[in-house]
Amino acid sequence: MIHDTRIDCRQANPLLQPLGARERILWARDIFADDLVLLSSMQRTAGVLMHMFHDLGLPNEILFLDTGYHFFETLRLRDDYVRRYRLNMITLYPEITTEEQEARHGKKLFTCVDGQPECCRLRKEAPLVAYLKSKQTPIIVNGLRRQEGGRRAQLPILSPDPRTGGYQLSPLCDWTDEQVQGYVSEHALTTHPLHAQGYPSIGCYPCTTPVRPGEDPRAGRWRHLRPTDAEAGPQYCNVNFTDGGGI
Ligand code: SF4
């Protein structure tokens with residue numbers, strides 16, 4: 001489908017700011033049609049967005065990156081959402097299996113600071129970008145929020161994604177934790193069972209641990225790559241361009 005994709009984000013963001021999340025998604029759908037995709041991590045905000053796509057009757061693709069290192073609960077939740085809401089779920093796989101990757105590099109990349117970025121690139125960013133290159137102007141919807149802090153504290157609603165020549169839309173960027181939980185409760189959404197077991201942020205099982213009371217919600221990610229809890233380490237997998245992606 002041919003559509004006008006010359007969007008100036010500096011002009012679009014003030015227009016999108018007063019809209020609700022559903023209206024932001026519909027705005028993008030009107031412009032980008034089937035090039036609009038949702039990238040789902042199966043975490044709480046992904047559940048909100050998957051439900052919105054269902055509720056709006058959008059047939060657009062929902063992308064899930066199967067790294068080969070997911071918790072069993074993550075894969076089961078993906079299947080639960082597909083069954084319950086009849087979602088157009090596309091599971092993307094890396095070019096090589098986890099066993100091939102470990103044989104090629106002679107180690108498990110996620111076990112060392114200098115290997116983790118390549119592991120995330122190979123298993124997340126590369127398959128996503130390769131898939132999106134088949135589209136004219138892809139626009140990735142994600143569940144990032146400013147309240148998460150860090151690089152996300154100043155997150156725009158709409159950003160360019162130079163990796164694909166497209167865009168990233170974060171319709172929940174100004175939602176609070178309470179708004180997310182309110183939506184989950186109102187619509188009786190199933191959420192990832194590990195959220196209730198001390199995991200506010202969930203990625204691959206080798207790189208995700210629960211957080212202790214008072215810790216940053218992302219403190220459980222790549223904890224094994226920080227010599228002490230006070231020292232800096234990886235914060236993001238960079239599959240989202242605004243987190244630092246750059247394949
Ligand atoms: S989160 Fe860990 S296991 Fe998953 S892709 Fe990144 S480094 Fe690899």
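The following conversation goes through a predicted model, asking what each descriptive word rests on.

Colleague: Why is arginine 145 called buried?

Modeller: The relative accessible area of arginine 145 is 10%, and because buried means under 20%, arginine 145 is called buried. Arginine 145 is found in the loop between β4 (139–141) and β5 (158–161).

Colleague: What makes the pairing of the side chains of arginine 145 and aspartate 177 a polar contact?

Modeller: The two side chains are joined at 2.8 Å, and a polar contact is a pair of N or O atoms within 3.5 Å, one able to donate a hydrogen and the other to accept it, so the pairing of arginine 145 with aspartate 177 is counted as a polar contact.

Colleague: Is tyrosine 236 buried or exposed, and how do you know?

Modeller: Tyrosine 236 has a relative accessible area of 8%, and since the word buried is used under 20%, tyrosine 236 is buried. This residue is found in the segment after α7, and its C-alpha atom is separated by 9.0 Å from that of arginine 218, which is 18 residues apart from tyrosine 236 along the chain.

Colleague: Which word describes aspartate 216, and what makes that word the right one?

Modeller: Aspartate 216 lies in the segment after α7 and has a relative accessible area of 41%; buried would need a value under 20% and exposed a value over 50%, so aspartate 216 is called partly exposed. The side chain of aspartate 216 reaches the backbone nitrogen of arginine 218 at 2.7 Å. From alanine 12, by contrast, aspartate 216 is 204 residues apart in sequence and 32 Å apart in space, C-alpha to C-alpha.

Colleague: Where does the ligand sit, and what has to be true for that to be said?

Modeller: The ligand sits in the largest cavity, and this is said because more than half of its atoms lie within 2 Å of the grid points of that cavity. The structure holds one cavity of 30 Å³ or more, and about 110 Å³ of space lies in the largest cavity. Its lining has 14 residues, and those nearest its centre are Cys119, Cys120, Lys124, Cys204 and Cys207.

Colleague: What makes a residue one of those around the ligand, and which residues are they?

Modeller: One of the heavy atoms of the residue must lie within 4 Å of the ligand, and the residues around the ligand are Tyr69, Phe110, Gln116, Cys119, Cys120, Arg123, Lys124, Cys204, Cys207 and Trp222. This shell divides into seven nonpolar, one polar and two charged residues; because Cys counts as nonpolar, Cys119, Cys120, Cys204 and Cys207 belong to the nonpolar group.

Colleague: How much space lies in the largest pocket, and what lines it?

Modeller: About 880 Å³ of space lies in the largest pocket, which is lined by 38 residues, with Ser41, Gln43, Glu148, Arg152 and Ser201 closest to its centre. By class, the lining has 12 nonpolar, 15 polar and 11 charged residues. Its largest share, four residues, comes from α7.

Colleague: Which residues line the second largest pocket, and how do they divide by class?

Modeller: Tyr93, Pro94, Glu95, Ile96, Arg104, Leu122, Ala126, Pro127 and Ala130 line this pocket, in which about 180 Å³ of space lies. Seven of these residues are nonpolar, none is polar and two are charged; since Glu and Arg count as charged, the charged pair is Glu95 and Arg104. Helix α6 (residues 116–132) gives the most to this lining, with four residues.

How values were computed:
Residues numbered from 1 in each chain as written. Predicted model: local features only at pLDDT ≥ 70, side-chain atom pairs only at ≥ 80, totals over all residues. Heavy atoms only, no water. 1 Å grid on protein atoms, 1.4 Å probe; cavity = no way out; pocket = protein on both sides within 12 Å on 5 of 7 lines; lining within 4 Å. Points joined across faces, edges and corners; volume = space filled by probe spheres on them. Helix = DSSP H or I, 4+ residues; strand = E, 2+ residues; numbered from the N terminus. Buried < 20%, exposed > 50% of the residue type's maximum accessible area, 1.4 Å probe, protein only.
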